[in-house]
Each structure stands twice: as C-alpha cells, then as structure tokens.
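Colleague: Please pick one helix packing in the model shown below and go through it closely, residue by residue where that helps. After that, I would like to hear how the rest of the chain is arranged around it.

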Amino acid sequence: VNQPNTLSGGYNTLGFDDEMLRFSFYRTLFTPYTHQFSNGCGRFDILPMVLFYYLFAPDALQWPKKPDGRPSFKLEDLNQENGWVTGRAHDAMVDVAATVALMRHLRLNKPMWDYMLGYFDKRTDQKRVMDLMQQEAPYAGVGIMVSLRLGHERNYMAPVLHLGPHHKFKNQSVFIRLDEPITSLEQAVIDPLILKK
C-alpha cells in the first residue's frame, strides 16, 4: 500500500482495518500514515459509497433485504444477492473477491464512482465544503449528510449546517443536524468521519 500511486480500498475499512494497519506499521517500524497521502497514495472505504449508490443510483446493484424489509449493506449479503463469488463469508479471499466484484459493478457508473472517490481526497473534500459555504443566504453552509448512522427511518440522510473546522483536527469539519430539536450538543453535532477520514 506504500508503493507510489497506490489507491487502496476495502469494505468498511475505515472503521477497523485502517486503524489496525496503522498500528501494524508502527509496531514493525514502518511509517504508519504515508499510505494515506504520500507519493500519490490514498485509501477509501466502499461501504459509504455503497450507501450513496443505494440512495442515488439504485439500479447499480441488486439490493438484499433483511427479514424486516430494510436493506442490508453487509458485504456477504450483497455478494449473495448479486451472485458474484461462491464461498464462505468472512473467508479472507472470498471477501476480497466479493469486494473486487462490487467495485467493478460500482465503477460501471464512472461519473458517480469518481465523485464518490472525491470524498476520500482531502483537497477535493475541502473544496466541496467551501462550495457549500458559498451558497447564497439563507442556505450558506447547509447541506445533506448521508450516513448509515442516521438510520433507515430517516433514509440515511439529514439536513446539516456546517459549523467550521474541528477545533483539534484541522482536516475535519463539524456539522450540526437541522432535523430535530437540540437537547445536547453531543447528539446534535454530526461526526462526519464516515466520509472524511
């Protein structure tokens, strides 16, 4: 992943695999962050991209359903519903083959694929936030946040207002939800890491 111009991606990797990879690099005396930005390298997570396709390009895949009728975004369910790879779920090579098949299907809609990759490029993402701020009043800074954490009941979306950069982490932005009463700042402020790491 540290070879120049390598873009590494996986399914739900930013929440677990990325952190494990950094610690593994650190423990073996490799630099833990260069695979994320140096020499044309970068990384991305396909799970939040899949959610965008579900919402805005639903014909891209066959969408598996849970028993209660809600969509399932588990890789094993997507693989089974679309018939890409046979084998036991969570077997490393089966998951890799299913992830590659999933990426190939998503890349058929190249404009959307390229747009989604922009969320994992710091400059592109920051420009999009700045464009959001340049909207005419009263909509300056207002946008739609998409996240699995927002839940099926809200169709995984919520209107948000950009408050500015995070006070500690300069690469992150802070948004506040506009769709429900504010009872505490912990509930109101949205952590956009699902798309911004």
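Modeller: Helices α3 and α5 cross in the left-handed sense, and I should say at once that everything here is computed from a predicted model. The two helices pack with their axes 12 Å apart and at an angle of about 40°. Since angles under 35 degrees count as roughly parallel and those from 65 to 115 as roughly perpendicular, this value makes α3 oblique to α5. On the α3 side the contact is made by I46, V50 and Y53, and on the α5 side by T99, L102, M103 and L106.

I46 is a useful residue with which to begin. This isoleucine belongs to helix α3, and with a relative accessible area of 0% it counts as buried, the limit for that class being under 20%. When neighbours within four places in sequence are left aside, the contacts of I46 include T99, L102, M103 and L106, and they also take in G10 and Y11. G10 belongs to strand β1, which spans residues 7-10. A further way to place I46 is by its C-alpha distance to V100, which is 10 Å although 54 residues separate the two in sequence.

From I46 one can step back to strand β2, which covers residues 42-45. In a regular strand the side chains alternate between the two faces of the sheet. In β2 both faces are covered, with G42 and F44 buried on one side and R43 and D45 buried on the other. Strand β2 pairs with β1 in the parallel sense over four bridges, and within that pairing R43 of β2 stands opposite S8. In the segment before β1 lies N5, which has a positive phi of about 65° although it is not a glycine; N5 counts as exposed because its relative accessibility is 63%.

The helix packing can then be set within the nonpolar interior. In soluble globular proteins, nonpolar side chains tend to be buried together. Here the largest nonpolar core has 32 residues, and the members that touch the most others are Y11, V50, F73 and L102. Helices α3 (46-56), α4 (75-82), α5 (92-106) and α6 (110-117) each supply at least two residues of this core, and its largest share, nine residues, comes from α3. There is also a second, separate core of seven residues, among them V129, L150, V160 and F175. V50 and L102, just named as well-connected members of the core of 32 residues, also take part in the contact between α3 and α5.

F73 shows how that larger core reaches distant parts of the sequence: leaving aside neighbours within four places, F73 is in contact with Y11, L47, V50, L51, Y54, W63, L78, L148 and Y156. The last of these, Y156, is in the loop between β3 and β4 and is buried, as its relative accessible area of 5% shows. The phi of Y156 is near 60°, a positive value in a residue other than glycine, and this backbone feature may deserve a careful look in the display.

The strands on either side of that loop are themselves paired. Strands β3 and β4 run antiparallel and are joined by five bridges, with P159 of β4 as the bridge partner of I144. Five bridges also join β4 to β5, which covers residues 173-177, again in the antiparallel sense, and R177 of β5 is the partner of V160. Earlier in the chain, the loop between α7 (122-133) and β3 (142-146) holds P138, and the peptide bond leading to this proline from A137 is cis, with omega near 5°.

Two further residues give some scale outside the helix packing. Y115 sits in helix α6 and is partly exposed, with a relative accessible area of 41%; its C-alpha is 13 Å from that of P48, which is 67 residues away in sequence. L29, in the loop between α1 (17-27) and α2 (34-37), counts as exposed at 81% relative accessibility, and its C-alpha lies 33 Å from that of V174, with their positions 145 residues apart in sequence.

Terms used
Residues are numbered from 1 along each chain as its sequence is written. This is a predicted model: local features need pLDDT of at least 70, side-chain atom pairs count only at pLDDT 80 or more; totals for chains, interfaces and linings use all residues. Side-chain values use heavy atoms; hydrogens and water are left out. Buried means under 20% relative accessible area, exposed over 50%, partly exposed in between (1.4 Å probe, protein chains only). Two strands pair if DSSP finds at least two bridges between them. A nonpolar core is a set of buried Ala, Val, Leu, Ile, Met, Phe, Trp, Tyr and Cys residues joined through side-chain atoms within 4.5 Å. Contact means heavy atoms within 4.5 Å. Axes are lines fitted to C-alpha atoms, for helices over the stretch in contact, and angles run from 0 to 180 degrees between N-to-C directions. Angles under 35 degrees count as roughly parallel, over 145 as roughly antiparallel, 65 to 115 as roughly perpendicular and the rest as oblique. A crossing is left-handed if the near helix is turned anticlockwise from the far one by less than a right angle, and right-handed if clockwise.
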